[in-house]
Structures are given as C-alpha cells and as structure tokens.
Amino acid sequence: PLSGLAVTISPTTISVPELETRLRRMPIPLISRTVNDMIVIDVRAMARETFDMLVMQLKDLDILGEQCL
C-alpha cells in the first residue's frame, strides 16, 4: 500500500454501505474504500480547497457528530 494521509469514518447511525452510497451521490462524488467496517478516504493527493469542500459536504449529510468535524 502507498503511504499517506487518510480520513476514516465509522458511522453509527447508518451502515457503511449506506454511507458509501451517500458519498457517491454527493454533488462532488467521493469514492472511498472500506476497511474493517470503516470508510477510508485517501486525502494524500487532495488540494486544500477540495478537502474543505469535502468537509462541507460531509456536514450536509447530517450523519456525523459535531465533534467529528
């Protein structure tokens, strides 16, 4: 595997497959991978602007606690 930064999400209010579906359906689709019942988002090649947009989209999904972001 490549080394680098990644964000992991362990959803508690919906299933991992449901979260994957929601991520793919966001205005800017996000393709993630699943490892040990967690969503893994590779961010090593993401521009800062893209990362900020991702955070805003994740907040709009309304499935993450405020402490997560």
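Q: Where is the place of T21?
A: T21 sits in helix α1. This is a predicted model.

Q: Why is T21 called partly exposed?
A: Its relative accessibility is 26%. Buried means under 20%, and exposed means over 50%. The value for T21 falls in between, so T21 counts as partly exposed.

Q: What separates the C-alpha atoms of T21 and S32?
A: A distance of 9.8 Å lies between the C-alpha atoms of T21 and S32. Along the chain, the two residues are eleven apart.

Q: What makes up the secondary structure of the protein?
A: Two helices and three strands. Along the sequence they come in the pattern β-α-β-β-α.

Q: What makes β1 and β3 a pair?
A: Two strands pair if at least two bridges are found between them. Strand β1, residues 6-9, is joined to β3 by four bridges. Four meets that cut-off, so β1 and β3 pair. They run antiparallel. One of the bridge partnerships puts I9 opposite I39 in β3.

Q: What makes β2 and β3 a pair?
A: Strand β2, residues 33-35, has three bridges to β3. At least two are needed, so these strands pair as well. They too run antiparallel. R33 has V40 of β3 as its bridge partner.

Q: What do β2 and β3 form, and how many residues lie between them?
A: They form a hairpin, with two residues between the strands. N36 is in the turn. D37 also has its place in the loop between β2 and β3.

Q: What is notable about the phi of N36, which is not a glycine?
A: N36 has a positive phi of about 50°. Most residues other than glycine have a negative phi. D37 is not a glycine either, and its phi is near 60°, again a positive value.

Q: Why is N36 called exposed?
A: The relative accessible area of N36 is 67%. Exposed means over 50%, so N36 qualifies. D37 passes the cut-off too: at 62% relative accessibility, it counts as exposed.

Q: What makes R22 and E18 a salt bridge?
A: The cut-off is 4 Å from a side-chain nitrogen of Lys or Arg to a carboxyl oxygen of Asp or Glu. The side chains of R22 and E18 meet at 2.9 Å, N to O. That lies within 4 Å, so the pair is called a salt bridge. Both residues lie in helix α1. They are four residues apart, about one turn of the helix.

Q: Why are R22 and E18 called partly exposed?
A: R22 has a relative accessible area of 28%. For E18 the value is 33%. Partly exposed covers the range between the 20% and 50% cut-offs, so R22 and E18 both belong there.

Q: How many salt bridges does the structure hold?
A: Two. Besides R22 and E18, the side chains of R33 and D42 meet in one, at 3.1 Å from N to O. This distance is also within the 4 Å cut-off, so the name fits. R33 is partly exposed at 40% relative accessible area. D42 is partly exposed at 32% relative accessibility.

Q: Which residues have the most contacts inside the largest nonpolar core?
A: L19, L23, I39, I41 and L61. The core has 14 residues. Helix α1 (16-24), strand β3 (38-42) and helix α2 (48-61) each supply at least two residues of this core. In soluble globular proteins, nonpolar side chains tend to be buried together.

Q: Leaving aside neighbours within four places in sequence, which residues is L61 in contact with?
A: L19, R22, L23 and M26. Contact here means heavy atoms within 4.5 Å.

Q: Which residues make a nonpolar surface patch?
A: I28, M53 and M56 make one of about 280 Å². M56 is found in helix α2.

Q: How much of the protein counts as buried?
A: Of its 69 residues, 28% do. The protein exposes about 5,000 Å², and carbon and sulfur atoms supply 54% of that area.

Key:
Residues are numbered from 1 along each chain as its sequence is written. This is a predicted model: local features need pLDDT of at least 70, side-chain atom pairs count only at pLDDT 80 or more; totals for chains, interfaces and linings use all residues. Side-chain values use heavy atoms; hydrogens and water are left out. Buried means under 20% relative accessible area, exposed over 50%, partly exposed in between (1.4 Å probe, protein chains only). Accessible areas come from the Shrake-Rupley method with a 1.4 Å probe; for residues, only the protein chains shown count as cover. A nonpolar core is a set of buried Ala, Val, Leu, Ile, Met, Phe, Trp, Tyr and Cys residues joined through side-chain atoms within 4.5 Å. Patches are made of residues with over 30% relative accessible area and no salt bridge: like charges are joined within 9 Å, nonpolar side chains (Val, Leu, Ile, Met, Phe, Trp, Tyr) within 5 Å.
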